Amino acid sequence: MPAIHFFEEDITYKPKNKTALRQWITNTIKAEGYKLKELSYIFCSDAYLLQINQQYLNHDTYTDIVTFDNSEVDKEITGDIFISIERIRENAAKFNITETDELHRVIIHGALHLLGYTDKTSVTKQKMTQKEDFYLNARGFNS
């Protein structure tokens, strides 16, 4: 059975509207022509995510998200998405949006990575941002 899990590492954080959030993520994956098998979102601190970034990606920078694609079957999503809640809060303040809206943008950003979208160039980043905006507007629940 497909599943979306929310975990915490080294912090305490519980996203709101978990049922609606799971449905929205699942709908996004289906809309892109994929099937959800298992997806874990792990909320953590900057320090925790920096360590993952260094250890697995050889990047020595803070980031808001690191996505690991564990899929073994084409068009079937299995993955782990680590999200720094400190980055979410800082970016929400920086962009003058709610923490929840920023969290949802990053949550769907990670899912889009698993769906094959990248943000390495300005063109692919623009396409990904358009997809984020599209799916944020399709949430169907109050943030």
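Colleague: What is the volume of the largest pocket, and what makes it a pocket rather than a cavity?

Modeller: In this predicted model, the largest pocket has a volume of about 410 Å³. The word pocket is used because the set of points is open, whereas in a cavity a 1.4 Å probe fits but cannot get out.

Colleague: How do you know which residues line the largest pocket?

Modeller: A residue counts as lining if it has an atom within 4 Å of a point. The largest pocket has 16 such residues, and Leu 57, Ile 65, His 113, Asp 119 and Lys 120 lie nearest its centre. The elements giving two or more residues to this lining are α2 (46-57), β3 (65-69) and α4 (99-114). Of the elements, β3 gives the most, with three residues.

Colleague: What is the make-up of that lining by class?

Modeller: The lining of the largest pocket divides into five nonpolar, eight polar and three charged residues. Among the residues nearest the centre are Leu 57, Ile 65, His 113, Asp 119 and Lys 120. Leu and Ile count as nonpolar, Asp and Lys as charged, and His therefore falls among the others, which are polar.

Colleague: Which residues line the second largest pocket, and how much space lies in it?

Modeller: About 320 Å³ of space lies in the second largest pocket. Its lining consists of Asp 64, Ile 65, Phe 95, Ile 97, Glu 102, Arg 105, Val 106, His 109, Asp 119, Lys 125, Thr 129 and Glu 132. By class, these are four nonpolar, two polar and six charged residues. At least two residues each come from α4 and α5 (122-137), and the largest share, four residues, is supplied by α4.

Colleague: Why is α4 called oblique to α5?

Modeller: α4 and α5 pack at an angle of about 120°, with their axes 9 Å apart. Angles of 65 to 115 degrees count as roughly perpendicular and those over 145 as roughly antiparallel. The angle of about 120° belongs to neither range, and therefore α4 is oblique to α5. The crossing of these two helices is right-handed.

Colleague: How do you know that α4 and α5 are in contact, and which residues of each helix meet?

Modeller: Contact means heavy atoms within 4.5 Å. From α4, the residues Asp 101, His 104, Arg 105, Ile 108, His 109, Leu 112 and His 113 take part; they meet Met 128, Thr 129, Lys 131, Glu 132, Asp 133, Tyr 135 and Leu 136 of α5. The contact of α4 with α5 has five nonpolar, four polar and five charged residues.

Colleague: What makes α3 oblique to α4?

Modeller: Helix α3 (residues 85-95) packs against α4 at an angle of about 120°, and the axes are 8 Å apart. This angle lies outside the ranges for roughly parallel, roughly perpendicular and roughly antiparallel, so α3 is oblique to α4. α3 passes α4 in a right-handed crossing. On the side of α3, the contact is made by Ile 85, Ile 88, Arg 89, Asn 91, Ala 92 and Phe 95; on the side of α4, by Glu 99, Glu 102, Leu 103 and Val 106. By class, this contact has six nonpolar, one polar and three charged residues.

Colleague: What is the phi of Asp 10, and where does this residue lie?

Modeller: Phi of Asp 10 is near 60°, a positive value in a residue other than glycine. Asp 10 is placed in the loop between β1 (3-8) and α1 (18-31). Asn 17 lies in the loop between β1 and α1, and it has a positive phi of about 55° although it is not a glycine.

Notes. Residues numbered from 1 in each chain as written. Predicted model: local features only at pLDDT ≥ 70, side-chain atom pairs only at ≥ 80, totals over all residues. Heavy atoms only, no water. 1 Å grid on protein atoms, 1.4 Å probe; cavity = no way out; pocket = protein on both sides within 12 Å on 5 of 7 lines; lining within 4 Å. Points joined across faces, edges and corners; volume = space filled by probe spheres on them. Axes fitted to C-alpha atoms, helices over the stretch in contact; angles between N-to-C directions. Parallel < 35°, antiparallel > 145°, perpendicular 65-115°, else oblique. Left-handed = near helix turned anticlockwise from the far one by under 90°.
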